[in-house]
Amino acid sequence: MASSAASLFDAGTIADRWIADYCAPGRETDVLCAERGGGRDDAWNTVFEELAGLSGDSLGHARERAQRHAEDIGTGFRIAGEEGEERPWPLSPVPLLIADAEWKTIAAGIAQRAEVMEALLADLYGPAKLVTDGHVPAALVTGSPFFLRPVSGLNPPGDKHLAFIAADLCRGPTGEWRVLADHLRAPAGAGYALENRLAMARTVGGLQTRLNILRHAPFFAGFRDGLSALCRRADPRIALLTPGRLNPSYAEQAHLARYLGFLLVEGADLAVREDKVYVRTIVGLKRVDALWRRIDPRLLDPLAFDSHSTIGVAGLVDAMAAGNVVVANAPGTGLLESPAFAAFLPRLAEVLTGAPLLLPNIATWWCGQDAERDHVEANLDTLLISPAFGVQTLGLPEGATLGASIVGEARAALLDDMKRRPQDYVGQEIVRLSTMPVVTEDALVPRPFTLRVFAARGPDGEWIVLPGGFARIGEHADVRAAVMGEGMWSADVCVHCEDAVAPVTLLPSDDTTQLRRNPGTLPSRVADNLFWLGRYLERGEALLGLVRVLLGNSISAETGAALSADTVFRLAGLVIAAGAAPEPRAYKRPDLLALAKTAMEDEEGWYSVRAINVQARLIGEVSRERLSADMIRLLDAPVPTKGTLLDRAGTLQRRYSALAGQSAEHMARTDAWRFHDLGRRIERSTAGIQAIRAFGGPEATADDLSTLLDLADSQISYRQRYLTGMARVPVLDLVTLDPGNPRSIAFQVAAISGHLNKLPLLSDDGLAEAQQEQARELAAILVTARATRIDDAMLLDLSNRLCRLSDEVARRYFLQGAEALRAAGLVLA
């Protein structure tokens, strides 16, 4: 049923009006208007009834709500080459509807296409009979930069090159579907399709049951089971191999890894030993059986391909050749992505399968053949001219270009290079696309769209096609595919049918679930990231505490009592020693205000609170699969700009408190949480000792001691215990030795020792490891110490011991480079 908001108005009437206004004369090729003209518009009516029930007569409100849900899920992307913040994923509130009968034709065509390409790859990287028999020109294979000679003759595990593919489809003005492009190297977008569905379910949840929309979960379950079936071990460990956070689709990769239960790993996390692949974890090396790679195959193994690659895994191809790891898709599959292959695929399909393609390509002419080159030159103004192998050529510096727009010297340069290297070019027909409705401002407008669909090999070896995929919608009304480019908006694609669809989940049933309370493998890099996330958050909060005390007690005009000049000098000295601001020329109010502002908000090279927060945010970006959406949102929150400097400091402090609450109350007590909290405790101890050394010396004044209590967040605790005013020994006892004060040094060290006692060990001899011994020595010093004996030498010793402990934790758990292969007591499983 439509939303209960529909009781305030007639949602059906509004939906009818929206559709009638949209389907004006001349829009008969639009998907909505074509179905309406054929009397099959019930599904579209349902969509707009749900939107009207959600937002009344305001389509703009529906668009904002869909976008907000997409952002809440954490959907984002980057443009290739960008290093700044991710962009929000643009989601339209109007889905693309496809009837089940029409979808079955599309799915059959995609499955057939996958089989053709698998057979083609098996031949081209095997006996090459298609080349020998003249069906494929040799230059089409060896001339491609994506033909990888080192894997020629290599049979991948299961003798399958492809496990997951994607294809871009277009719908012509008369309703026919054709293939624009194939994606085999590292097909992206399935995660976005999943996230679109999740966001739309939150926006217009009634559509699922009203339209009987086919679900996504069976597809992803089948893909996961299909990868497992190719592995040798019965209970395989599968990982998603990512290039890292700067990859345009990193957010999608993190979401997919979490959804499928795969480890999210980078090349540095993996090592090859005796032709087997292992992931570096906090308990040593753990066997990896399959990799779903999202790395360019040319960078996959520096020993086999590009020796300059720093993101690959040395020896991976050898492990693959030995049958010990499944790599999906196998390196070299990108050969068939070349536009030039589209010219031969219709004929090759008949040769390999005996049947024509169910989904035809767009017409393509490869200029490596004389007759085809002559045709392209004669019809240049009516074709799209593209690089044959998808890489830039001399004649097309801007990539694929409409022939009619190439004039003057540019045309002469193109024709000259086509004569010199004709095999580098193809001509393609200019495709005109159907349109679909999209919300612009508060109205429906028609925009051209393309459809990306996905197929995966299931556990029985047959291809499964994701019901729907996602649509990319053009920004402008021009319906030529070449002009639309990558699109401006995305939309969920709903395949609807008459019969009810059973709810399906990736969660196993109760009777097949083996209970476990250990979340599984924790890669060393992830532990390292969470440890430093904790340290950066505490470091930023400690620096902010210095700034707030400086602002609140010495600068603010609203403060009645100011700190002494010596105390202010020491406060500023801690800020300067942290590298957060330069030393001021004087210590008057304007100078201190400038110092505080620099320490909190500088972007020009000082180690300010803002700079520390950037470090924390970057770690959050690469830890998406381990952190909650709320925690990621807090890390990504913009810098406050409103109010006074003290007001902005207060806003930041509340954000730090929220992040601390997230880690304390919402993270399961796993090893991942222990490393995060371990980082917090070490950093808090270090900052606390610095403050005690600065303000707790033998000559400490009442202002010094009050400042120390402020920095240790212990003013209330002290005043509840002591009514006689400030005294040095009680203050030192509270902030250094009191095991019941969650801000004391002793409390932090006890927590550190507790975490290290519960983290896994490499040896089974029952003896403490170096990091445990150091933590216990620290705890013993503090347990036996007396506040009257605390001096600078003792505090300096504690600080140095904490530094050595941090280094020992890093050496033991955050295995880097070849050390993971040399460490004693490795666990190989």
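How many bridges join strand β6 to β7, and do the two run parallel or antiparallel? In this predicted model, select residues 238–241, which make up β6, and then display β7 beside them: three bridges join the two strands, which run parallel. One residue to label is L240, whose bridge partner in β7 is L264.

Widen the selection to the whole sheet, an open one of four strands in the order β7-β6-β11-β12, paired in parallel. At its edges stand β7 (263–265) and β12 (326–328), each of which has a single partner strand, so one side of each is left without a neighbour in the sheet. From one strand to the next, the twist averages 25 degrees.

Add residues 250–260 next, which form helix α11; this helix packs on the sheet, where it touches β6, β7 and β11 (290–293), and its direction makes about 150 degrees with that of β7.

Turning to aromatic residues, select W177 and F449, an edge-to-face pair with 6.4 Å from centre to centre and 65 degrees between the planes. The pair links distant parts of the chain, since W177 lies in strand β5 (residues 177–183) and F449 in strand β18 (residues 443–457), 272 residues apart. W177 is buried at a relative accessible area of 10%, and F449 is buried at 1%.

Move on to F531 and F814, whose ring centres are 5.4 Å apart with the planes at 55 degrees, so the pair is tilted.

Finally, show the aromatic cluster whose members include F164, Y259, W292 and F470. Over the ring of W292 sits the charged end of R294, 5.9 Å from the ring's centre.

Definitions and conventions
Residues numbered from 1 in each chain as written. Predicted model: local features only at pLDDT ≥ 70, side-chain atom pairs only at ≥ 80, totals over all residues. Heavy atoms only, no water. Pairing = 2+ DSSP bridges. Axes fitted to C-alpha atoms, helices over the stretch in contact; angles between N-to-C directions. Contact = heavy atoms within 4.5 Å. Phe/Tyr/Trp six-rings, centres within 6.5 Å; stacked < 30°, edge-to-face > 60°. Buried < 20%, exposed > 50% of the residue type's maximum accessible area, 1.4 Å probe, protein only. Lys NZ or Arg CZ within 6 Å of the ring centre and 35° of its normal.
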